[in-house]
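This briefing walks through a protein model topic by topic, and it is best read with the structure open beside the text. Please look up each residue as it comes up.

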Amino acid sequence: MSRFMRLIVFFDLPVVEASDRRQYTKFRKFLLKDGYIMLQYSVYMRICNGEDAVQKHMNRLHSRIPRVNGAIRCLKITERQFENMEILLGVKAVEEDFGSNKTDFF
């Protein structure tokens, strides 16, 4: 049986120069097209079905790293760890609940 995982991508990219903004936008659009949803500014998350899917999406991330100064980090966590996240201010987005019921997927 597969184990659902979540990839959380944190990034801080410069947007001072026009070329930097283009790189930022290109990276953000890649994340959205690849199935990531925004948790908050510069923090995106996607659900993966098992370790093979995690590796596939990690490889995709590596191939799309913008050529600018900045920082991009990725954290892999289990579904249970994600469910234990505590929201201190704000509300849970509707998209965050997708996958809580495993029958939502396949």
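The structure shown here is a predicted model, and the briefing begins with a pocket lined by Q23, K26, F27, F30, S63, R64, I65, P66 and R67, which is the second largest pocket. From there the text moves to the largest pocket, then to the aromatic rings, and lastly to one cysteine.

**The second largest pocket**
- The volume of the second largest pocket comes to about 210 Å³.
- Helix α1, made of residues 18-33, contributes the most to the lining of this pocket, supplying 4 residues.
- When the lining residues of the second largest pocket are sorted by character, 4 are nonpolar, 2 are polar and 3 are charged.

**The largest pocket**
- The largest pocket encloses about 280 Å³ of space, and its lining is made up of 14 residues.
- Of these lining residues, L39, Q40, M85, I87 and E96 are the ones that lie nearest the centre of the largest pocket.
- Two strands, β1 (4-12) and β2 (37-40), each provide at least two residues of the lining of the largest pocket.
- Sorted by character, the lining of the largest pocket holds 10 nonpolar, 2 polar and 2 charged residues.

**Aromatic rings**
- A pair of aromatic rings is described by two quantities, namely the distance of the centres and the angle of the planes.
- The model has a count of 4 aromatic pairs, and one of them joins F11 and Y24, whose rings are 5.7 Å apart from centre to centre with 55° between the planes, an arrangement classed as tilted.
- This pair links distant parts of the chain, since F11 belongs to strand β1 and Y24 to helix α1, with the two residues 13 apart.
- F11 has a relative accessibility of 5% and therefore counts as buried, whereas Y24, at 21%, counts as partly exposed.
- F11 also pairs with F27, and because the ring centres are 5.2 Å apart and the planes meet at 85°, this pair is edge-to-face.
- The pair of F11 and F27 again links distant parts of the chain, with F11 in strand β1 and F27 in helix α1, 16 residues apart.
- F27 has a relative accessibility of 2%, so this residue counts as buried.
- One aromatic cluster is formed by F11, Y24, F27, F30 and Y44, and among its members F27 and F30 also line the second largest pocket.

**Arginines over rings**
- R6 lies over the face of F82, at a distance of 3.9 Å from the ring centre.
- R46 lies over the face of Y36, at a distance of 5.8 Å from the ring centre.

**The cysteine C74**
- C74 sits in strand β4, which covers residues 71-78, and its relative accessible area of 31% means that C74 is partly exposed.
- If neighbours within four places in sequence are left aside, C74 is in contact with L7, I8, V9, M58 and L61.
- For one of these contacts, M58, the C-alpha atom is separated from that of C74 by 8.4 Å, and the two residues are 16 apart along the chain.

Methods: Residues numbered from 1 in each chain as written. Predicted model: local features only at pLDDT ≥ 70, side-chain atom pairs only at ≥ 80, totals over all residues. Heavy atoms only, no water. 1 Å grid on protein atoms, 1.4 Å probe; cavity = no way out; pocket = protein on both sides within 12 Å on 5 of 7 lines; lining within 4 Å. Points joined across faces, edges and corners; volume = space filled by probe spheres on them. Nonpolar A, V, L, I, M, F, W, Y, C, P; charged D, E, K, R; others polar. Phe/Tyr/Trp six-rings, centres within 6.5 Å; stacked < 30°, edge-to-face > 60°. Buried < 20%, exposed > 50% of the residue type's maximum accessible area, 1.4 Å probe, protein only. Lys NZ or Arg CZ within 6 Å of the ring centre and 35° of its normal. Contact = heavy atoms within 4.5 Å.
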